[in-house]
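Let's take a walk through this model together, starting from a single loop residue and working outward to the helices and the pocket. Keep the viewer open as you read.

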Amino acid sequence: YSSVMVAYAKQGDVVGAGKVLDMMQADYDAGNKAAKPNIRSYNILIDCWSNSGRRDAPQEAEFLLRTILEKHSAGELEEGPDIVTYTSLIQTWMQSCSADAPRRLHELEDILASLASMKNTSTRT
């Protein structure tokens, strides 16, 4: 699934990549445990939105972040958002013309700095 998502992403096809993620979830829900979406799956789609150039890219990427957070909190996703997730979100907002972009960029940069700090602390112990 991930390879197909990457292929759609390279073509800038957010709809196609999103359909693959939906298909993964449906297959997993139908009993195919190997089809379970993971953080990489969501990161591919967020990165695809980041590179899409679409006006709604920041909102769609933020929706995916909320989905990741909710699924992780519910135990449906093993890993929560990571540095790749937030880096792609930052890239999406940087390319946005939205009036909210500066505020959201600042918030995301703070989160990314906290993640990096936590990662550095955990590798030292």
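**From a loop to the helices around it**

Leaving out residues up to four places away in sequence, S52 touches V14 and A57. Please keep in mind as you look that this is a predicted model. S52 sits in the loop that lies between α3 and α4. Its partner V14 is 38 residues away in sequence, yet the two C-alpha atoms are 7.2 Å apart in space.

Now let's follow the chain to the helices on either side of that loop. How do α3 and α4 lie relative to each other? Their axes come within 9 Å and cross at roughly 170°. Angles over 145 degrees count as roughly antiparallel, and that crossing therefore makes α3 roughly antiparallel to α4. On the α3 side, the contact is made by I39, Y42, L45, I46 and W49. Across from them, α4 offers A57, E60, A61, L64, L65, T67, I68 and K71. Sorted by class, this contact of α3 with α4 has 10 nonpolar, 1 polar and 2 charged residues. A57 is a handy landmark here, since it belongs to the α4 side of this contact and is also touched by S52.

Next, turn to α1, which covers residues 2–10. Helix α1 and α3 pack at an angle of about 5°, and their axes are 9 Å apart. These two helices are therefore roughly parallel to each other. From α1 come S2, M5, V6 and A9, while α3 brings R40, S41, I44, L45 and C48. The contact of α1 with α3 counts 6 nonpolar, 2 polar and 1 charged residues by class. You may recognise L45, which takes part in this contact and also in the contact with α4.

A further neighbour of α3 (residues 39–50) is α5 (residues 83–94), and the axes of this pair come within 9 Å and cross at roughly 15°. That angle makes α3 roughly parallel to α5. The crossing of the pair is left-handed. Here I39, N43, I46, D47 and S50 of α3 meet V84, T85, S88, L89, Q91 and T92 of α5. What is the make-up of this contact by class? The contact of α3 with α5 has 4 nonpolar, 6 polar and 1 charged residues. I39 and I46 appear in this contact and in the one with α4 as well.

From α5 we can step across to L112, whose place is in helix α6 (residues 101–124). Setting aside neighbours within four places in sequence, L112 is in contact with I83, Y86, T87 and I90. L112 and T85 are 27 residues apart in sequence, with their C-alpha atoms 9.3 Å apart in space. T85 itself is one of the α5 residues that meet α3.

Finally, let's look at the largest pocket, with a volume of about 190 Å³. Which residues lie nearest its centre? They are R54, R55, Q95, S96 and C97, out of 13 residues that line the pocket. Both α3 and α4 supply at least two residues each to the lining, and α4 (57–73) gives the most, with 3 residues. By class, the lining divides into 4 nonpolar, 7 polar and 2 charged residues.

Technical notes
Residues numbered from 1 in each chain as written. Predicted model: local features only at pLDDT ≥ 70, side-chain atom pairs only at ≥ 80, totals over all residues. Heavy atoms only, no water. Axes fitted to C-alpha atoms, helices over the stretch in contact; angles between N-to-C directions. Helix = DSSP H or I, 4+ residues; strand = E, 2+ residues; numbered from the N terminus. Parallel < 35°, antiparallel > 145°, perpendicular 65-115°, else oblique. Left-handed = near helix turned anticlockwise from the far one by under 90°. Contact = heavy atoms within 4.5 Å. Nonpolar A, V, L, I, M, F, W, Y, C, P; charged D, E, K, R; others polar. 1 Å grid on protein atoms, 1.4 Å probe; cavity = no way out; pocket = protein on both sides within 12 Å on 5 of 7 lines; lining within 4 Å. Points joined across faces, edges and corners; volume = space filled by probe spheres on them.
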